[in-house]
Every structure is written in structure tokens, then in C-alpha cells.
Amino acid sequence: MSGSTLEQVDTHFLEAIAALGVDAHPPEGTRPGLLGDGLAPARALELFDAQLGSRHLDLVARTLRARGEGFYTIGSSGHEGNAAVAAALRPTDPALLHYRSGGFYLERARQVPGSDGIRDVLLGLVAATDDPISGGRHKVFGRQDLAVIPQTSTIASHLPRALGVAFSLSRAQKLGVQPAWPADSVVVCSFGDASANHSTATGAINSAIQAAYRGLPLPLLLVCEDNGLGISVPTPRGWIAKAYGDRAGLRYVTADGSDLTDIVPVAQEAADWVRRTRRPAFLHLRTVRLMGHAGTDLESAYRPADQITADLDRDPLLGTARLLTASGVLRPAEILDRYEAKRAQVRTAAEQVAGLPRLASREAVVWAVASDRPAVVRELAARCAPDPARHQACGGSLPEDRGPLTLAQSINRALADLMALEPGAIVFGEDVGAKGGVYGVTRGLQRRLGPARVFDTLLDEQTILGLALGAGVTGLLPIPEIQYLAYLHNAEDQLRGEAATLSFFSAGRYRNPMVVRIAGYAYQRGFGGHFHNDNAIGVLRDIPGLVIASPAHPADAPAMLRTCAAAARADGRVCAFLEPIALYHTKDLHEHGDGGWLARYAAPRAWTLGHVPLGRARTHGDGTDLTIVTFGNGLYLSLRAAAALARSGIGARVVDLRWLAPLPVQDIVREAQATGRVLVVDETRRTGGVSEGIITALVDTGFAGRIKRVASADSFIPLGDAAWHVLVSEGEIEKAARELVGDIEQRRS
């Protein structure tokens, strides 16, 4: 035997049923009744139908792939017992399913009139634009009216989101916000035994246990489908039970995934317990993997033949068929009839969808990356502008305008105004509560708004972002804080693999709006080293649809924060709000006491707007000799350098990008053409830094002038004064500017 191939699994089932005797009758006196603990014949037949449908979908997926008409062959064969988990839940319970969930999906679809789960799955297999969830972009289990949230294939990356959904159901209700699902829902999240070892899974489960320990409602049913293999790597026998079977605060139950008389009552009891207690539970399903990991997987290359053969006898379809025949519900011949009838049904449906239209253009693919409605965002942002009347909505405790504010203070005030308007806005992260953040940016917010809306999390960035993912899709407006940019990197896949892909893989049907505040960049004096002075944002810049805001001045930051919140609320945008730590408490620009880095929060001055459109820059000055393009700390350095250049007769204008994605290309090109010389000042690294995108945009648009850049070194940032050797300096900017305009200086001299 070369492996449990399509033909072998199919043939083994047929032969095993035939061996029972196709005309056999149940034992004398047998009458169909309960087949086990609470399993009625009608329920068993419903589950068997879902199991049969899932199996034949796997079989036809291999056929479609061989004909070049299908594009996905990871199947659910051996895991069809998960249909019983769906039967234990309500069709409105949000489900985050891994890729072996065919049985669950078909049973969930059966519970919702008008649904055709088989056709749904087939549409995904052939990448048809009629696919009801992704529109042909990927094969995922998902459908909005079935409360199934689509998941990617990233290992265990959906567990933090599941945690966030479970947390947010009760939190939304507490805040008076209607959640996307009934408040008494159970959130179900399935994953494999190999995934259970991933740090994302262990972190999410640890967070669930801690939440339960603290008495927070967390109705999460974790379903580990343990087939003993992670592609070719075996999971040690008994490991899942050992790792999760005795965790304080986590109820553990287990069942044989091939035996409905075991799994049905166990799954029902687990689901009912979670719904009643609002606490997490771990359902360990012992399953088997049939037909390999996927169509390209040759099991015989890494598994002994006797193991593969033994697995065939653990086929859950065989288990259900034997149960039905032994109890007198069906004769073997009727089992075979149902099996072949389901084969014909699935094959016919496959033929019907195989020729349906697929995505036919770049535009058809990418529109689902993110919605973009500037007019709607502008209107919403205007509603978030400063309004003294709304201060009363926060209990009248917001401070009066006490004069010009620093960057940190302006963000604090903008958050307070925003949360006064948005009852579903929540701020959370490490030290954001009573302490008010390590730099005081959230100071006083918890006292004014309460611990239900401003709260501390445990020390885990994956959990912080997972809470945001779940909160956003549930109906809240999450504003999480990542304490330092360097701390984002161990959790960045929650943005890349989960947040940014949800709209894409659901064709805009699901969205997870959020504004992630990130304290970052370098130039802190007297404190730091790499982990507190990180200037690496390349990992964010290539995430499709991600908005990257980079406010530098206190006059811009509030309006940009309002825009991000409005874009999140209106269009479901995922926004990274990068705040330069070194400028948080800066007051002066050119000399002590000039107040050049302060701004009145609501004063009608040139720099202050209620709304900053996505992808629009701001130009400082109108010099005609040189255009300096920069952002973040670079704005502070460049304005000082421009003043020094002006003293020697060189007129420079400074363009603050404000948005790193989308880049303000139109503004960059316009200001570049105004002088014909461009100096890009990039505080991020020379390789993979923002300057690469700026210069490329200039070249792509045909800019024919001179271009030069200064950027930080391709280095981590060391401690103390050594940092100045690798970071862009004011002197370096001035020197590069003079080199770029040298011909002007020569003519004038």
C-alpha cells in the first residue's frame, strides 16, 4: 500500500459494509430507539448525512484537481465526527473552524433553511466568484448567515481572535452595544493537535484560563481534533491529554471522534456547560487522518503500511454505519444506497459549478482587500472633532483646554473625545489603565471612562491583537496599544495573517476595524537601546490594505486619530498609528521656550484640522530650492535643518508624509516638481525603509529632477550615545541638502 489514497478509502468503506451482508437484517427483536446517551435515530441519520457529504466532497476535490478544475485538496476525511460538535451548538454561535471541518460546516448549514453546504464548499474548491464567502479568492469554511468566520491556513492564528470574540460578547453587552451575535452565544474554535503546540495557541489558551481565573465571562469552546499527525510529524501519544487535561480554570473533556455515541453526549455537555457558566472548555476529539494531509502528500514516504491500514478501520463513517445497522435503523444495503446517492449528488453539483466564472482581472481580486469611502470617513471624522458638550458625556470630568499641548497630551485628549462619542470604543494594552501608559498617553482615561472601557491586559502582544480582532468583528471599536514597536514583531502575524486578510477572504462580508496605537521609532535620550528605540517598520509596509499613520506634531495627531477611527468604523479599516516616543513630550523646535512643538487642541490654527484624509501630506514652507520629504522624527530634524539652510540663503520646503500607507504620492510629486530637487529623510533603515517607496513613486511618475536620500544604517540601535552613529542626524540632513543644491550656491556666490 502506498498510502490511504482516494480509491483505498472509498473501496475500504464499500467492502466493509458489504461484508456485513447487504441483505442482512438487524437481530431479532431489535427496534430503533436511542442509539446511545441521548442519540436519537433521527439525529444519527442527520449526522451521517453530513459525514457522507463531507467525505464525498473530499473525493470529488481530488478528481477536480486531477482535471485542473479544482484547486484545494486538504480534506476532512477521518474528522467527520466534528458534525456532532455543530449539532451541539446553535446556528448563531460564532464558529472559527480549521480546514478539516467539512462535517461541522455541512451540519451547520443543515440547521439554517435555504442553505446548501455542499454547493458552498464546491464553489470554494473551484474558486468560483459565486463562492458565498471569499468570492473565489480562497477555499475557506465561512458564511455570514451561518455565523462561520473564515480562517486562513496560518497555524493556530485564529485562536487569539476566538478569545477576543468570546471576551467581547459580554463586554459589548455591558457597554450597551449590540454584538454581532446573541449575547448568550458560545464561541467555538477548532484546531489540530499539531497546532495546539504553536505559541499562538498556547498563548491564547493561557489568556482564556487567566480570564476565567479573574472571573471574566469567556464562553469559548476549544475543539482540538487530534489525529496524531502534523503533516508527517507525529504527536506523542497522550500529549494533548497531558498538556491540557489538568489545567486549572479549563474544563477538559474527551471523546472518540469515530463514535457518535461517545462524541454526541460529550460535545453537548461541553457546549451546554460553556453556555451556562460562561467559562472556557477544551474538547479533545480523538480522530484519524485519512487520505494524507492533502492530495500531494505521499503518506507511505513517512508512515509504515500497517499504520495506514489500521487507520482505515477507524473511519468515522464506518463507525456510524455500523452503529446504524447494529441498532436496526438502516440495513447495510440502505447504507450503501445512501453512500452512492450522496456520491451522485456531490458529483452532479461539482459538474454544475466546475465551469462557473472565476476572478478574471486584477481589479476583481483586489477590491476586497479594503473598502475606501473618503466622503463617509470625512463625515464621521467631523463628528469626532472637539465639542465641549461631549465632555459632559464623560461625566464632566474632562480637563478644560489649559493651553498648548504636547503630542502625548493631544493624543490623550483626542482619545477622550473619541470615546465620548463612540460607546463601543475600548482602549486596552499593557499599563494603559491606572498607570496611564508608560509615557502617560492614556493617563486619566480609565478614571473618566471606567475599567470596562480602558483596561490592562496580560503581557502578550498576540493576545492584545487577538482581543482587538475579536472585538472588531463583534461590533466594538478596539484601540489597542502596543507598548513598543519592537514588541509588535512577535505578534505581527495577527495583523498580517488575520486582521488584513479578513475582508479579502470574506469579500468584505466580515471586517475587523481597529486602530492599533504603537509607540515607536528612536531618538529617546537617556533611555533605550534596541527594544525601546526600534525603527523597523518594513514588516508593516507591505501588508495590503493596512493604513499606517505616522503623526509627528500635536496639531496633526488628533485629526489623524479621528480619521483612523472613522475609517475603521466606516470601512472596517485596520490602522497602525505609529507614535514617535521621542516627540511625545517635546515642546520646543528651534530654541528653548519657543513652543514650536506644541499646539492648542481645538484652536483654529493652520496646522489643525478636524480631519486628515488618508494619503495626504502636509507641506511646511514654500522654499523653491529644495523639497525635503520626511515623517516622524524626521520632520523635527528637517524643520531645524531647513531653518539652518535658510540662514545661508537656501529655501527649502518640508513635506511631512503623515501617512506611510497609503503614501501621499500626489503630494510628493507636486512638491518635488515645485523645486526639482528632492531630499528624502528616512529615520527607518536604509534597506526596506520608507525612502524606497518614496523614490520609487517619484521614478514611476516620471520625475526628472535630482533625488538624494539620507537614512538610518542597517543596524539595530545600540544603547546610549552610540545610537547617534546609526541614526539620521540634523547635520547629515543639512550636509546632504547642500550637496543637492550645490549648483545654486555656486551661482549665488
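**Note on aromatic contacts in the predicted model**

1. The count of aromatic pairs comes to 14, taking rings of Phe, Tyr and Trp whose centres lie within 6.5 Å as paired. The structure under review is a predicted model.

2. One of the pairs joins Tyr484 and Tyr487, with ring centres 5.3 Å apart and planes at 75 degrees. Planes over 60 degrees apart count as edge-to-face, so the pair of Tyr484 and Tyr487 is assigned to that class. As to accessibility, Tyr484 has a relative value of 6% and therefore counts as buried. Tyr487, at 23%, counts as partly exposed, because the buried class is confined to values under 20%.

3. A further edge-to-face pair is formed by Phe504 and Phe505. The centres of these two rings are 5.3 Å apart, and the angle of the planes is 70 degrees. Phe504 has a relative accessible area of 19% and is buried; this follows because the limit for that class is under 20%. Phe505 is likewise buried, its relative accessible area being 14%.

4. Which residues form one aromatic cluster? The members are Phe191, Tyr244, Tyr252 and Phe282.

5. Charged side chains also lie over aromatic rings. In the case of Lys139, the charged end is placed over the ring of Phe141, at 3.7 Å from the ring centre. Arg171 is positioned over the face of Phe455, and here the distance from the ring centre is 5.2 Å.

How values were computed:
Residues numbered from 1 in each chain as written. Predicted model: local features only at pLDDT ≥ 70, side-chain atom pairs only at ≥ 80, totals over all residues. Heavy atoms only, no water. Phe/Tyr/Trp six-rings, centres within 6.5 Å; stacked < 30°, edge-to-face > 60°. Buried < 20%, exposed > 50% of the residue type's maximum accessible area, 1.4 Å probe, protein only. Lys NZ or Arg CZ within 6 Å of the ring centre and 35° of its normal.
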